[in-house]
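This report looks at ring contacts and at how two domains meet. Please have the coordinates open while reading.

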Amino acid sequence: MIASRGRQPEDRTTGWGLDRVTVRFGRLTALERVSLGVGAGAVTAVIGADAAGKTTLLRVLVGAVRPSEGRVRRPEKRQVGYMSAGSGTYGDLTVDENLAFAARAYGLSRGVARSRIGELLDRTDLMAARRRLAGLLSGGMRQKLALAVAIVHEPELVVLDEPTTGVDPVSRAELWRLIAELAAAGTAVLMATTYVDEAERAGSVLVLLRGRPLALGTPEEIRRAVPGELYELGGRIDDWRAWRRAGRWRVWSPDGRAPEGARLIEPDLEDGLVMAQLAYEASQPEVAA
Amino acid sequence: MSQMATMAVSRRFGAEYAVREVAMAVEPGEVVGLLGANGAGKTTLIRLALGLLRPTAGTVTLFGSPPSRDTRRRLGYVPQSLGLYEDLTVAENLAFAARAFGHRVVAARLDPEIRASARVLVRDLSLGLRRRVAFAAALAHDPELLVLDEPTSGVEPLARARLWETVRAGAERGAGVLATTHHMSEASECDRLVVMVSGRVVASGSAAAIMGGMQTVVVTAVRWEDAFAALDDRGLPVALVGRRLRIPDRPAADVDAALRGAEVEARLEVVPATFEEAFVALARQKVA
């Protein structure tokens, strides 16, 4: 695993999180020795492809999956808010009813619930849609409702499973504003995503590859942690460490030596993830053979 | 001759126009990205382009003639759902697609990982590999037009780069490519972009041309929380990136005034907007 060497992420011990957690489902290892800190007042992201283990990790943190090994630090149940992938709202209830139902489930008094729901409808711009059935909302509106439902009880820890997947860029920007508002108010936020540009917005990022932690740190730390250099070339190069990006070719050079005619460039997070995966694959005997 | 062209094409469902007077074309060897929010009309336009829907008005041509069974043979389509048979093996899926297009599977042309999984049921494949099989099935008959709906969603960056290499190889052989995406970093893989808002094409051209030099104000404050609250309260479109804040398409003076009003100390810097920021600003303007 590639982790920041100089400095541990500051939230590693103070916040909520996972310590060397392994999860097995029968013979399948869904997560292998994953550690992650989720600090208050910050957004932490877990990035990985579909089936990388993101949902399992989130479900371990909220207490829905028991780890086979390792420890979990989480607040009491009442202080956890969880938004599952693919919404978690009732399509045949109205926006108002979904929120009222969640408020009741968390035991909010009628008066508190009313003012909290009003505030949430306002912040999510769903006031005008409050009497519409959730099932008839656009994808972006439905995700905003699901987020509001997950935070109706003002939890200390909010866990969001791919809140912006399949959501268009305009709604994504709105969801991101709501998520940042939570962090600004001191909430610990953990979110899963498949989008690199989205992980780049988080304070710290855990990269999962097939259940294994590939990298952990700030986006800056992750892209600096891979050994060697990154070069850009004008044309195609026949090398398994090369890939095409935005019309040009990039090649990772583990020993730092420059291929002919190549230009040294500064990797961004996306490059960092590609290089981390290439480094990981190079370390696997069956692939290197 | 364009691989695909629409002229003033419209499609109405009841009283609602899903696509309105759209003119666009995909030339041989060109990769065109179709961008738009949900409900902007991308899927309807793709279905019109494939000849699956008839236009209410205007015309669609594929390879210079109206869509037909004949034109269907000359195009490859990878839907978002991938369109594979999950209870058939990889080899059976590829053979089925090949038979439908009247050719044979050439094993030597398949990438080694797909070849190694030939006898595996598609439902037992990793999602990344499943996507590569779908690409292989759609590309095997050397289509002259390739239509991709959200081609790389849910895929890690290395696998995404590899998929785009496949798409590019098709374009280099002369195929035209039309790809829809929500994923703004994918826009940089396209030669040209077409942006749809509410059924209409509102911008088209290179990413740089569409962005038109838009700028973003970057705010660095000791306490980002205070700066965020101050800007958010003023209704500025503020986004958190790490511990910095970005406010696209607004004058630095407005940002400065909001921060001063709330007595938040911060450093301001003006940088070029990202493509996603430009797209969101464009979509918001046109809707308003």
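The sections below cover aromatic pairs, charges over rings, and a domain interface.

## Model

The structure is a predicted model. Every value here is computed from it.

## Aromatic pairs

A pair of aromatic rings is described by the distance of the centres and the angle of the planes. Over all chains, the count is three aromatic pairs. One of them joins Tyr85(B) and Phe96(B). The ring centres of Tyr85(B) and Phe96(B) are 5.2 Å apart, and the planes meet at 75°. That angle is over 60 degrees, so the pair counts as edge-to-face. Tyr85(B) belongs to the loop between β5 (75-78) and α3 (90-100) of chain B, while Phe96(B) belongs to helix α3 of chain B. The pair therefore ties together parts eleven residues apart in sequence. Are these rings buried or exposed? Tyr85(B) has 41% relative accessibility and counts as partly exposed. Phe96(B), at 47%, also counts as partly exposed.

Trwo further rings pair in chain B: Trp224(B) and Phe228(B). This pair is edge-to-face too, with 6.2 Å centre to centre and 80° between the planes. Both residues lie in helix α9 (residues 224-233) of chain B. Trp224(B) and Phe228(B) are four residues apart there, about one turn of the helix. Both are buried.

## Charges over rings

In chain A, the charged end of Arg201(A) sits over the ring of Trp176(A). The distance to the ring centre is 5.4 Å. In chain B, Arg20(B) lies over the face of Tyr17(B). Here the distance to the ring centre is 4.0 Å.

## Domains of chain A

Chain A is divided into domain 1 (16-218) and domain 2 (220-288). Taken over C-alpha atoms, the centres of the two domains of chain A are 33 Å apart. How many residues are in contact between domain 1 and domain 2 of chain A? Domain 1 of chain A contributes 14 residues, and domain 2 of chain A contributes ten.

The size of an interface is often given as the accessible area lost when the parts come together. Between domain 1 and domain 2 of chain A, the buried area is about 1,100 Å². Carbon and sulfur atoms give 68% of that area. Val196(A), Leu214(A) and Thr218(A) supply 44% of the area that domain 1 of chain A buries against domain 2 of chain A. No other three residues supply more.

The count between these domains of chain A is one salt bridge. Arg210(A) forms a salt bridge with Glu281(A). Their closest N and O atoms are 3.5 Å apart.

Key:
Residues are numbered from 1 along each chain as its sequence is written. Chains are lettered from A and ligands numbered from 1 in the order in which they are written. This is a predicted model: local features need pLDDT of at least 70, side-chain atom pairs count only at pLDDT 80 or more; totals for chains, interfaces and linings use all residues. Side-chain values use heavy atoms; hydrogens and water are left out. Rings of Phe, Tyr and Trp (its six-membered ring) pair if their centres lie within 6.5 Å; planes under 30 degrees apart count as stacked, over 60 as edge-to-face and the rest as tilted. Helices (H or I, at least four residues) and strands (E, at least two) are DSSP runs, numbered from the N terminus. Buried means under 20% relative accessible area, exposed over 50%, partly exposed in between (1.4 Å probe, protein chains only). A charge sits over a ring if NZ of Lys or CZ of Arg is within 6 Å of the ring centre and within 35 degrees of the ring normal. Domain bounds come from an automatic or database domain assignment. Contact means heavy atoms within 4.5 Å. Buried area is the accessible area (1.4 Å probe) that two parts lose on being put together, summed over both. A salt bridge is a side-chain nitrogen of Lys or Arg within 4 Å of a carboxyl oxygen of Asp or Glu.
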